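Reader: I am new to this structure and would be grateful for a close look at one part of it, the salt bridges. Please set them in the context of the chain.

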Amino acid sequence: MTANASARAIKPELLRTYTEDFNKDRANLIAADAAVSAGVLKAATDYRGVRALPRDFSIELKQGSITNQERSGRCWMFASLNTLRYELMHRWNLEDFEFSETYLFFWDAMEKSNTYLENVLRTLDEATDSRLFEAINESPADDGGWWQMFAALVNKYGLVPKSAYPESENSRNSDDFKQYLNSKLREFAAELRRRSAAGAGEDELRTLKDEYMGTVYRICAVSLGEPPEKFDFFARTKDDAEADADGKAESCKCGDSCKCEGKSDAKACKCDKDKSDKPKTGKDERPQIRETGITPLEFYKKYVPVDVNDFATLANAPLKSRPFNRRYRIRFSANVVEAGDMEFVNVPLDVFKKAALDQLTAGHPIWFACDCTQFALRKDGFFDQSVVRVDQLFGTEFTGDKAHGLEYGDSPSNHAMTFTGVNLGEDGKPNRWKVENSWGKDAGKDGYYVMSDAWFDRYVTELIIRKEYLDDATRALLTTEPVELDPWQPLTRRCR
């Protein structure tokens, strides 16, 4: 061994020092017993931190049943649909509702495949080991994504209820389906590049690409089943109000002769003798919503009371390379090629958080992205550094801040969820947040998580905010010329 190599190696005498120091500290021995037996997270759980995060919230939104993405990377899609189903349920007075995630999953696979092949055609002169082509080729049609990908799909294909296109084994567990789809797409890419090098022109290559997309459709249809072009929709409204054709509660039918207080409310009116005197049976007589042969786009436009284009992506990335109060666009990040690449506005934390508080206070849930792995009890449902005391377990402080986590790739966004509540302290400031996840009701507390405000500041990097809740300065940034970012730069990992 050379002297230089010896200087770089772990030295035996240092190892003896390390083990002596470890064994003479009783805390190390207790920590090792706990971690080896129970695992790092359980051994590091601080009951005082758990008790400091109760699961009650001064502002809380009533959501439907918890959803479950199972073994797939569709969190961004589930979180997006969870924000829309809340609006639909409350607009139409439904007890519960769930959109078909599989419907958008089918079209996302198709669109990502098409965009990948288009990007291959755009980069025929790039070497296969160039940084750009490696970024394009890394995950041709993988599951992950962002809100703007969701919006692009909804704009083009609409939405359907889960009953019209239920889950399949390959939507619940997508690895095998996507493995072979990606393999076939890379074969197509290699052939397109080979034909181009042999002198094929653009028209010939594009004709070949269209043929390839027929194979992609076949793979998707075999794996998921074909999506519906039209479907029937049936729902019952809640007992506490009836819905007319526009989804509004019926007023009482007594006319001007009604003397009841609150006579405009059918529930409050005591004069409707026909209803009150009617004998009760086991028949479900709640008002019905029925549609026959409706298309997915018609369903979206008629039943979803918000426009997916009326939202903006806010980021809080305190990086010198990403100055605040600017609009950014990430190259080669689209799923629907004609919809354009992903964009965000980078804002300071106070602006970021105020937008979230304003939207929740107004009664609307929020799509957000974060690193769900850091200082998280994913089974028990806590996001808080005071709960997961790995610093005490390992005897070392974890001092990295948000900028460090993004710059060094330690805590980029990797999961999307939905804020459905927040607790305000006596000073009016938030101290904890309610989180709706998409990992089923057995994760967290009945599917919900609690997040400390400090964890929000450190690990939440993206919010999807209705434009009406942006301040004037932030709203104005949406029309400025964007700064172009390369696909490998921070904040670009797709949420799964």
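Author: The following account turns from the chain to its salt bridges and then to two further places.

This is a predicted model, in which local features need pLDDT of at least 70, side-chain atom pairs count only at pLDDT 80 or more, and totals for chains, interfaces and linings use all residues. Residues are numbered from 1 along each chain as its sequence is written, and side-chain values use heavy atoms, with hydrogens and water left out.

The chain holds 19 helices and 14 strands; these are DSSP runs numbered from the N terminus, helices being H or I of at least four residues and strands E of at least two. Its C-alpha atoms fill a box of roughly 100 × 70 × 45 Å along the principal axes. Of the 496 residues, 49% count as buried, where buried means under 20% relative accessible area, exposed over 50%, and partly exposed in between (1.4 Å probe, protein chains only). Among contacts with a separation of 6 or more, 77% are between residues 24 or more positions apart; a contact means heavy atoms within 4.5 Å.

Side chains of opposite charge can pair when their charged atoms come close. A salt bridge is defined here as a side-chain nitrogen of Lys or Arg within 4 Å of a carboxyl oxygen of Asp or Glu. By this rule the chain has 38 salt bridges.

One of them joins the side chains of arginine 85 and glutamate 436, with 2.9 Å from N to O. Because arginine 85 belongs to helix 6 (residues 75-92) and glutamate 436 to strand 11 (residues 430-436), this pair ties together parts that are 351 residues apart in sequence. Arginine 85 counts as buried because its relative accessibility is 1%, and glutamate 436, with a relative accessible area of 0%, is buried as well.

A further salt bridge is formed by the side chains of arginine 331 and aspartate 486, at 2.6 Å from N to O. This pair links distant parts of the chain, 155 residues apart: arginine 331 is in the loop between strand 5 (326-330) and strand 6 (342-346), and aspartate 486 is in the segment after strand 14 (483-485). Arginine 331 is partly exposed, at 28% relative accessibility, and aspartate 486 is partly exposed at 23%.

Aspartate 391 and arginine 389 also meet through their side chains in a salt bridge (2.9 Å, N to O). Here aspartate 391 counts as buried, at 13% relative accessibility, whereas arginine 389 counts as partly exposed, at 22%. Elsewhere, salt bridges with shared partners join Arg74, Glu98, Glu101, Lys162 and Glu167 into one network.

Two further places complete the picture. Alanine 221, in helix 12 (residues 202-224), counts as buried at 17% relative accessibility. Leaving aside residues up to four places away in sequence, alanine 221 touches Phe106 and Glu226. The C-alpha atoms of alanine 221 and phenylalanine 106 are separated by 8.0 Å, although the two residues are 115 residues apart along the chain.

Isoleucine 10, by contrast, counts as exposed at 64% relative accessibility and is found in the loop between helix 1 (3-8) and helix 2 (12-23). Together with Leu14, Leu15 and Tyr18, Ile10 forms a nonpolar surface patch with about 420 Å² of accessible area. Patches are made of residues with over 30% relative accessible area and no salt bridge, like charges being joined within 9 Å and nonpolar side chains (Val, Leu, Ile, Met, Phe, Trp, Tyr) within 5 Å. Accessible areas come from the Shrake-Rupley method with a 1.4 Å probe, and for residues only the protein chains shown count as cover.
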